[in-house]
Amino acid sequence: MSDCVFCKIVAGKIPAKLLHEDEFVVAFADLNPQAPTHLLVIPRQHIETLNETGPEDSSLIGRMVAVATSLAKARGVDQSGYRCVLNCNADGGQSVFHIHLHLLAGRKLAWPPG
Ligand code: 5GP
Ligand code: ZN
């Protein structure tokens, strides 16, 4: 998608602090961090929302979670704790329509979310 900011990051057309890259997913620091650790894990493939995923995407989504877990361990927040979030559409707070997993850590996160 030519007008998608995350597709542009995947293509290297806009800069991002890349933390992981493989054949299927890319991880980078969020531009506007909401916690001391705030990373995004995205598929290379443009998928607008979770509603466009199905059982055929379970390995891709599982890989996104596995990369987040491994980044949490690499940053030493696995024992203190972290949160993985996938927002969907307006009520879920989604603002970029290319699915992404937020990894948030480094402070006590409130629950329930606002
Ligand atoms: P959402 O609200 O869709 O769940 O999350 C989108 C996230 O993408 C936000 O946390 C926002 O700060 C981040 N974001 C938006 N544009 C960019 C960008 O150009 N670069 C990076 N690194 N993060 C971005
Ligand atoms: Zn995209």
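**Zinc site, ligand pocket and core**

Colleague: Let's start with leucine 86. Where is it found?

Modeller: Leucine 86 is in the loop between strand S4 (82-85) and H3. Keep in mind that this is a predicted model.

Colleague: Buried, exposed or partly exposed, that leucine 86?

Modeller: Leucine 86 counts as partly exposed, because its relative accessibility is 32% and the partly exposed class runs from 20% to 50%.

Colleague: And how far is leucine 86 from glycine 12?

Modeller: Their C-alpha atoms are separated by 23 Å. Along the chain, leucine 86 and glycine 12 are 74 residues apart.

Colleague: On to the metal. Which residues are the protein donors of the zinc ion?

Modeller: Cys4 and Cys7 give their SG atoms, and His46 and His98 give ND1. These donors lie 2.0 to 2.3 Å from the zinc ion, ligand 2.

Colleague: What arrangement do the four donor atoms make?

Modeller: Tetrahedral, because the angles they subtend around the zinc ion are 105 to 116°. The cut-off asks for all angles between 85 and 135 degrees.

Colleague: How are the donor residues spaced in sequence?

Modeller: The spacing reads C-x2-C-x38-H-x51-H. Cysteine 4 lies in the segment before helix H1 (5-10), and histidine 98 lies in the loop between helix H3 (89-92) and strand S5 (101-105), so the pair ties together parts that are 94 residues apart in sequence.

Colleague: Is cysteine 4 buried or exposed? What about histidine 98?

Modeller: Cysteine 4 is buried, at a relative accessible area of 7%. Histidine 98 is buried too, with 0% relative accessibility.

Colleague: Now ligand 1. Which residues come nearest?

Modeller: Asp30, Asn87, Gly93, Ser95 and His102 come nearest, out of 18 residues around ligand 1.

Colleague: What polar atoms lie by the oxygen atoms of ligand 1?

Modeller: Two histidines supply some. A polar side-chain atom of histidine 100 is 2.9 Å from an oxygen atom of ligand 1. For histidine 102, a polar side-chain atom is 2.8 Å from an oxygen atom of the ligand.

Colleague: And which residue has a polar backbone atom 2.9 Å from a nitrogen atom of ligand 1?

Modeller: That is alanine 29.

Colleague: How much of the accessible area of ligand 1 does the protein cover?

Modeller: The protein covers 83% of it. On its own, ligand 1 has 510 Å² of accessible area.

Colleague: Switching to the core. How many residues does the largest nonpolar core have?

Modeller: It has 16 residues. Val25, Val41, Met64, Val67 and Leu71 have the most contacts inside it.

Colleague: Which elements give two or more residues to this core?

Modeller: Strand S2 (25-29), strand S3 (37-43), helix H2 (58-74) and S5 do. H2 provides the largest share, with six residues.

Colleague: Why a nonpolar core at all?

Modeller: In soluble globular proteins, nonpolar side chains tend to be buried together.

Colleague: Valine 26 next. Where does it lie, and is it buried or exposed?

Modeller: Valine 26 lies in strand S2. It counts as buried, with a relative accessibility of 1%. Its C-alpha is 7.1 Å from that of valine 10, and the two are 16 residues apart along the chain.

Colleague: What about the loop between S3 and H2, say threonine 49?

Modeller: Threonine 49 lies in that loop and is buried, at 4% relative accessibility. Its side chain has a polar atom 2.9 Å from the backbone nitrogen of asparagine 51. The side chain also joins that of glutamate 52 through a polar contact of 2.7 Å.

Colleague: And glutamate 48, buried or partly exposed?

Modeller: Partly exposed, at 39% relative accessibility. Glutamate 48 is also in the loop between S3 and H2. From C-alpha to C-alpha, it is 16 Å from phenylalanine 24.

Colleague: Backbone oddities? Which peptide bond is cis?

Modeller: The one from tryptophan 111 to proline 112, with omega near 0°. Proline 112 is in the segment after S5.

Colleague: Last one. What is phi of asparagine 89?

Modeller: Near 60°, a positive value in a residue other than glycine. Asparagine 89 is in helix H3 and counts as partly exposed, at 32% relative accessibility.

Technical notes: Residues numbered from 1 in each chain as written. Chains lettered and ligands numbered in written order. Predicted model: local features only at pLDDT ≥ 70, side-chain atom pairs only at ≥ 80, totals over all residues. Heavy atoms only, no water. Donors = N, O, S within 2.8 Å, 3.2 Å for Na, K, Ca; no water. Tetrahedral: all angles 85-135°; square planar, octahedral: opposite > 155°, others 65-115°. Helix = DSSP H or I, 4+ residues; strand = E, 2+ residues; numbered from the N terminus. Buried < 20%, exposed > 50% of the residue type's maximum accessible area, 1.4 Å probe, protein only. Near = heavy atom within 4 Å. Polar contact = N/O pair within 3.5 Å; in protein donor to acceptor, adjacent residues only side chain to side chain. Areas by Shrake-Rupley, 256 points an atom, 1.4 Å probe, with all protein chains shown as cover. Core = buried A, V, L, I, M, F, W, Y, C linked by side-chain atoms within 4.5 Å.
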